[in-house]
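Subject: Structure handover and notes

Dear colleague,

I am passing on to you the structure we spoke of, together with my notes on it. Please look through the sequence and the coordinates before you read on.

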Amino acid sequence: AALAHAPRPNALAATVAAKIEAALPGDVSADAIAQQLKMSARTLQRRLEEEGRSYSSVLDEVRANVAKKLLVDRALGLSEIAFRLGFSDLATFSRAFKRWTGTPPGTYRRRSAS
């Protein structure tokens, strides 16, 4: 019975990830997501830390996963993908994508096509 009431690991991180993905390309700040969850940004950060996560790591994970899905669609330009992920410009998106995957988005797209 105690296990049934124990907090699930990464339960909040999964909820936060879903909220972030639904909010893209809009306001995905910790304040905005915390407000949706009816808590302060500090409480959100503290609860994520209890799961061994940080808000920025969840945000990066969501953006990386969505970027990989969008890069498969060759009809979408890289600038459009950057916009859909909430980046202000292509260069910022490209740097972030390379940090996440070790590969620039254009190279990732070419490799995923073959």
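The notes below go from the overall fold to single residues.

Please keep in mind throughout that this is a predicted model. The secondary structure of the protein chain consists of eight helices and zero strands, so that, read from the N terminus, the order of elements is α-α-α-α-α-α-α-α. Taken along the principal axes, the box filled by the C-alpha atoms is roughly 50 × 25 × 20 Å. Of the 114 residues in the protein chain, 35% are buried, and the exposed surface comes to about 6900 Å², of which carbon and sulfur atoms supply 53%. Where contacts between residues at least 6 apart in sequence are considered, 53% of them join residues at least 24 apart. As for charge, the chain carries 18 positive and 11 negative charges, and the mean positions of these two sets are 5 Å apart.

Two features of the backbone lie in loops. The peptide bond that joins Leu24 and Pro25 is cis, with omega about 0°, and Pro25 belongs to the loop between α2 (11–23) and α3 (30–36). Further along the chain, Lys38 has a positive phi, near 60°, although the residue is not a glycine; Lys38 sits in the loop between α3 and α4. With a relative accessible area of 75%, Lys38 is exposed, because the cut-off for that class is over 50%.

Thr43, in helix α4 (residues 41–50), falls at the other end of that scale, for its relative accessible area of 16% makes this residue buried. The side chain of Thr43 also makes a polar contact, at 3.2 Å, with the side chain of Arg46.

The aromatic residues deserve a paragraph of their own. A search of the whole structure finds five aromatic pairs. In one of them, Phe87 and Phe93 are tilted, with 5.7 Å from centre to centre and 50° between the planes, and both of these residues are buried. In another, the ring centres of Phe97 and Tyr108 are 5.3 Å apart and their planes stand at 75°, so this pair counts as edge-to-face. This second pair links distant parts of the chain, since Phe97 lies in helix α7 (residues 90–101) and Tyr108 in helix α8 (residues 105–113), 11 residues apart. How do the two partners stand with respect to burial, buried or partly exposed? Phe97, at 0% relative accessibility, is buried, whereas Tyr108, at 24%, is partly exposed, because buried requires a value under 20%. Ring pairs also join Phe87, Phe93, Phe97, Trp100 and Tyr108 into a cluster.

Helix α8 can be followed a little further. Its buried residues are Pro105, Gly106, Thr107 and Arg109, and what covers them includes α5 (55–71), α6 (78–84) and α7. Helix α7 thus appears twice in these notes, as part of that cover and as the helix that holds Phe97.

If you open the model with these points in hand, I would suggest starting from the ring cluster of Phe87, Phe93, Phe97, Trp100 and Tyr108, and then turning to the cis peptide bond between Leu24 and Pro25.

With best wishes

Notes:
Residues are numbered from 1 along each chain as its sequence is written. This is a predicted model: local features need pLDDT of at least 70, side-chain atom pairs count only at pLDDT 80 or more; totals for chains, interfaces and linings use all residues. Side-chain values use heavy atoms; hydrogens and water are left out. Helices (H or I, at least four residues) and strands (E, at least two) are DSSP runs, numbered from the N terminus. Buried means under 20% relative accessible area, exposed over 50%, partly exposed in between (1.4 Å probe, protein chains only). Contact means heavy atoms within 4.5 Å. Accessible areas come from the Shrake-Rupley method with a 1.4 Å probe; for residues, only the protein chains shown count as cover. Lys and Arg count as positive and Asp and Glu as negative; His and the chain ends are not counted. The place of a charge is taken as NZ of Lys, CZ of Arg, CG of Asp or CD of Glu. A polar contact is a pair of N or O atoms within 3.5 Å; within protein, one must be able to donate a hydrogen and the other to accept it, and residues adjacent in sequence count only if both atoms are side-chain atoms. Rings of Phe, Tyr and Trp (its six-membered ring) pair if their centres lie within 6.5 Å; planes under 30 degrees apart count as stacked, over 60 as edge-to-face and the rest as tilted.
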